[in-house]
Amino acid sequence: MSTPETNPDSTPAAEEIRDIAEVAAIEIITTAAVHLMSAAAVKCGLAEGHDAEELTDLDEARKLITALAGLVTSAAPEIGSQHAGPLRDGLRSLQLAFREASAFPDAPGQGPGEKLTGPVN
């Protein structure tokens, strides 16, 4: 029987590395995109609950949406339209939600991520 002392490859870190090596790139990319989408939705004020307004932070939402746009735009050729299409739809919804939540909406093409995706209307 091996222990971490006798077999350094059985450490928790080594097990995590083996686990991540078994995950397909598409899954890692889409998981990262979903995390960015979820965080941006909360920051746009789309969270459920009585404290949704308190959680709204459009400056943070702008950063998250722009990062999401970069990921989706750059990954789309690699992950194919089957996976990129729904991510683009989610991104567009967040861009529109951001515009709606803004007291002074950005000009077309100037909203978060629009330099990467083009104007959203």
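**Group meeting: one chain, four residues and a core**

I'll start with Gln-110, which counts as partly exposed because its relative accessibility is 46%. Before going on: what we are looking at is a predicted model.

Where does Gln-110 sit? The answer is the loop between α5 and α6, with α6 covering 114-117. Setting aside residues up to four places away in sequence, Gln-110 touches Arg-62 and Lys-115. Val-120 is 10 residues from Gln-110 along the chain, and their C-alpha atoms are separated by 9.4 Å.

Now the whole chain. How many helices and how many strands does the protein have? There are six helices and zero strands. Read from the N terminus, the order of elements is α-α-α-α-α-α. The radius of gyration is 19 Å, whereas the globule rule gives 14 Å for 121 residues, so the protein is more spread out than a compact globule. Along the principal axes, the C-alpha atoms fill a box of roughly 65 × 35 × 20 Å.

Some totals for the protein. Of its 121 residues, 27% are buried. The accessible surface is about 7800 Å², and carbon and sulfur atoms account for 56% of it. If we take the contacts between residues at least 6 apart in sequence, 54% of them join residues at least 24 apart. On charge, the count is 8 positive and 19 negative side chains, with 12 Å between the centres of the two sets.

Next, the core. The largest nonpolar core has 20 residues, and the ones that touch the most other members are Ile-65, Leu-68, Leu-87 and Leu-94. Which elements give two or more residues to this core? They are α2, residues 25-43; α4, residues 58-79; and α5, residues 81-101. The most comes from α4, which gives nine residues.

Take Ile-65 from that set. Leaving out neighbours within four places in sequence, Ile-65 is in contact with Ala-40, Cys-44, Leu-91, Leu-94, Gln-95, Phe-98 and Pro-112. Leu-94 is itself one of the core residues with the most contacts to other members.

Gln-95 is also on the contact list of Ile-65. This glutamine lies in helix α5. Is Gln-95 buried or exposed? Its relative accessibility is 3%, and the cut-off for buried is under 20%, so Gln-95 counts as buried. Apart from residues up to four places away in sequence, Gln-95 touches Ile-65, Pro-112, Gly-113, Glu-114, Thr-117 and Val-120. Pro-112 therefore turns up twice, as a contact of Ile-65 and as a contact of Gln-95, if we take contact as heavy atoms within 4.5 Å.

Two more residues for the surface. Asp-59 is in helix α4. With a relative accessible area of 47%, Asp-59 is partly exposed. Measured out in sequence terms, Cys-44 is 15 residues from Asp-59, and in space the two are 9.3 Å apart, C-alpha to C-alpha. Cys-44 came up a moment ago as a contact of Ile-65.

The last residue is Ala-25, in helix α2. Exposed here means over 50%, and Ala-25 has a relative accessibility of 52%, so it counts as exposed. Ala-25 and Lys-63 are 38 residues apart along the chain, with 24 Å between their C-alpha atoms.

To recap the two glutamines: Gln-95 in helix α5 is buried, while Gln-110 in the loop between α5 and α6 is partly exposed.

Conventions
Residues numbered from 1 in each chain as written. Predicted model: local features only at pLDDT ≥ 70, side-chain atom pairs only at ≥ 80, totals over all residues. Heavy atoms only, no water. Core = buried A, V, L, I, M, F, W, Y, C linked by side-chain atoms within 4.5 Å. Buried < 20%, exposed > 50% of the residue type's maximum accessible area, 1.4 Å probe, protein only. Helix = DSSP H or I, 4+ residues; strand = E, 2+ residues; numbered from the N terminus. Rg over C-alpha atoms; globule rule 2.2 N^0.38 Å. Areas by Shrake-Rupley, 256 points an atom, 1.4 Å probe, with all protein chains shown as cover. Lys, Arg positive; Asp, Glu negative; His and termini not counted. Charge placed at Lys NZ, Arg CZ, Asp CG, Glu CD.
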